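Reader: I have a model open and a list of labels for it. Please take me through the labels and say what earns each one.

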Amino acid sequence: MNDADEMNQKCLIEAIGVDKSYTTKHEIIHVLSETCLKVFSGEVLGIVGASGVGKSTLLHVLGGLDKPEAGEVLFREENIYRRGNSFLDKFRNIHIGFVFQFFNLLPDFTALENTMFPALIQNENKSAAKERAEYLLDEVGLKNRMSHKPGELSGGESQRVALARGLMNQPEMLLADEPTGNLDTHASDQLIELIRKLNKQLNQTFVLVTHSQRVAGQLDRVLELVDGKVNPINQSLLI
C-alpha cells in the first residue's frame, strides 16, 4: 500500500507512540517502543516478527485488553484508553472480535452454542442469536457440524467455529492471534481463503498475527515488528 492508497482509505484504528513493558524479578522487558501503525477499514493486515517480539501484546493493546504505559490508541479518532474500564468492556464487546491460536471453545457446548455465546452475553434475543450463528457457521462451511462439540471437530473445523464466534457480534475489526498456528498447511490455506472470502463479502477488517510467511504472503498488507517498532515488509519477498 502506497501513500496514495492510504489517503483513499478510512483509518479504523491507529496506534501512536505506544510503549509497553513488563517487569520480571530480574529486569524490565520493553516490548513496544513508540510503536505506530494504522489499520484501514476493510483491509486484511498481517503482523509478523520473531517469537517473543511482542506481536500478541500489540494485538492486545489494539483490542483494548492491555493498556500501554505511553502513547494513544485511537478508534475512529477517539483514544480508547482515556476512558474507564466500563468503556473498554463495551468497546471490546461491540467493536472487536477475537480469534486465538488454541480456539478457546467451551468443550461441553456444541459449535452452534459456542458461536452464539458472545451474543448471549450481550443479552440478545436467543432466537435471533441462533439464526445469526447458523448463518455464520454455514458461511464458514460447517452447516452439517453445528451440533458437534469441540472434541468431535478437527483442528481446522474448531478454528472455523472460533472465527464464526469472533464475528458473532458483527465487530468492525477482528483480531486473530496465530489463527493458523495449530493447523496443517491444507487447513491453514483453507482458513486464509475463508478469511479472504469474509473480508470481501462483509467488508470485514482483519488483523492477523502470524509466524508464517506463507500466510503473510496471502494478505493485503504486512508489517514486521522489530525492536518494538513496526515497519512495512515487501510481500514479494515472502514465500
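Author: Start with pairing: two strands pair if DSSP finds at least two bridges between them. Strands (E, at least two residues) and helices (H or I, at least four) are DSSP runs, numbered from the N terminus. This is a predicted model: local features need pLDDT of at least 70, side-chain atom pairs count only at pLDDT 80 or more, and totals for chains, interfaces and linings use all residues. Residues are numbered from 1 along each chain as its sequence is written, and side-chain values use heavy atoms, with hydrogens and water left out.

Reader: What makes strand 4 and strand 5 a pair?

Author: Strand 4 (residues 70–75) and strand 5 share two bridges, in the antiparallel sense. The definition asks for at least two, so the pair qualifies. Within it, L74 stands opposite N79 of strand 5.

Reader: Which sheet has antiparallel pairing, and in what strand order?

Author: An open sheet of four strands, ordered 2-1-4-5. Strand 2 (28–40) and strand 5 (78–79) are its edges: each has a single partner strand, so one side of each is left without a neighbour in the sheet.

Reader: Why is the pairing of the six-strand sheet called mixed, and what is its order?

Author: The open sheet runs 6-7-8-3-9-10, with mixed pairing. Here strand 6 (96–100) and strand 10 (229–232) stand at the edges; each has a single partner strand, so one side of each lacks a neighbour in the sheet. From one strand to the next, the twist averages 20 degrees. Strands of a sheet pair through backbone hydrogen bonds, either parallel or antiparallel. Strand 3 (residues 44–48) and strand 9 (residues 221–226) pair in the parallel sense, over four bridges. One detail: V48 has E224 in strand 9 as its bridge partner.

Reader: Which strands does helix 2 lie across in the six-strand sheet?

Author: Helix 2 (residues 55–62) lies across strand 3, strand 7 (173–177), strand 8 (205–209), strand 9 and strand 10. The helix runs at about 160 degrees to strand 7. Such angles run from 0 to 180 degrees between N-to-C directions; axes are lines fitted to C-alpha atoms, for helices over the stretch in contact. Contact means heavy atoms within 4.5 Å. Helix 3 (residues 85–95) also packs on this sheet, touching strand 6 and strand 7, and makes about 75 degrees with the direction of strand 6.

Reader: Which strands of the four-strand sheet does helix 2 lie across?

Author: Strand 1 (11–23), strand 2 and strand 4. Its angle to strand 2 is about 55 degrees.

Reader: Why is K20 called buried?

Author: Buried means under 20% relative accessible area, exposed over 50%, and partly exposed in between (1.4 Å probe, protein chains only). K20 has 8%, so the label is buried. K20 lies in strand 1. Leaving aside residues up to four places away in sequence, K20 touches a set including I29, H30, T57, D66 and E69.

Reader: How do you know that C11 and C36 are not in a disulfide?

Author: A disulfide is a pair of cysteine sulfur atoms within 2.5 Å. For C11, the nearest cysteine sulfur is that of C36, 12 Å away, so the cut-off is not met. The whole structure has zero disulfides. C11 is partly exposed, at 26% relative accessible area, and C36 is partly exposed at 44%.

Reader: Buried or exposed: which label fits E178, and which fits D227?

Author: E178, at 8% relative accessibility, counts as buried. D227, at 69%, counts as exposed. E178 has a positive phi of about 50 degrees although it is not a glycine, and sits in the loop between strand 7 and helix 7 (185–202). D227 has a positive phi of about 55 degrees, again without being a glycine, in the loop between strand 9 and strand 10.

Reader: Which residues of helix 4 are buried?

Author: A111, L112, N114, T115, M116, P118 and A119. Their cover includes helix 5 (126–139) and helix 6. Just after helix 4, N123 takes a positive phi of about 60 degrees.
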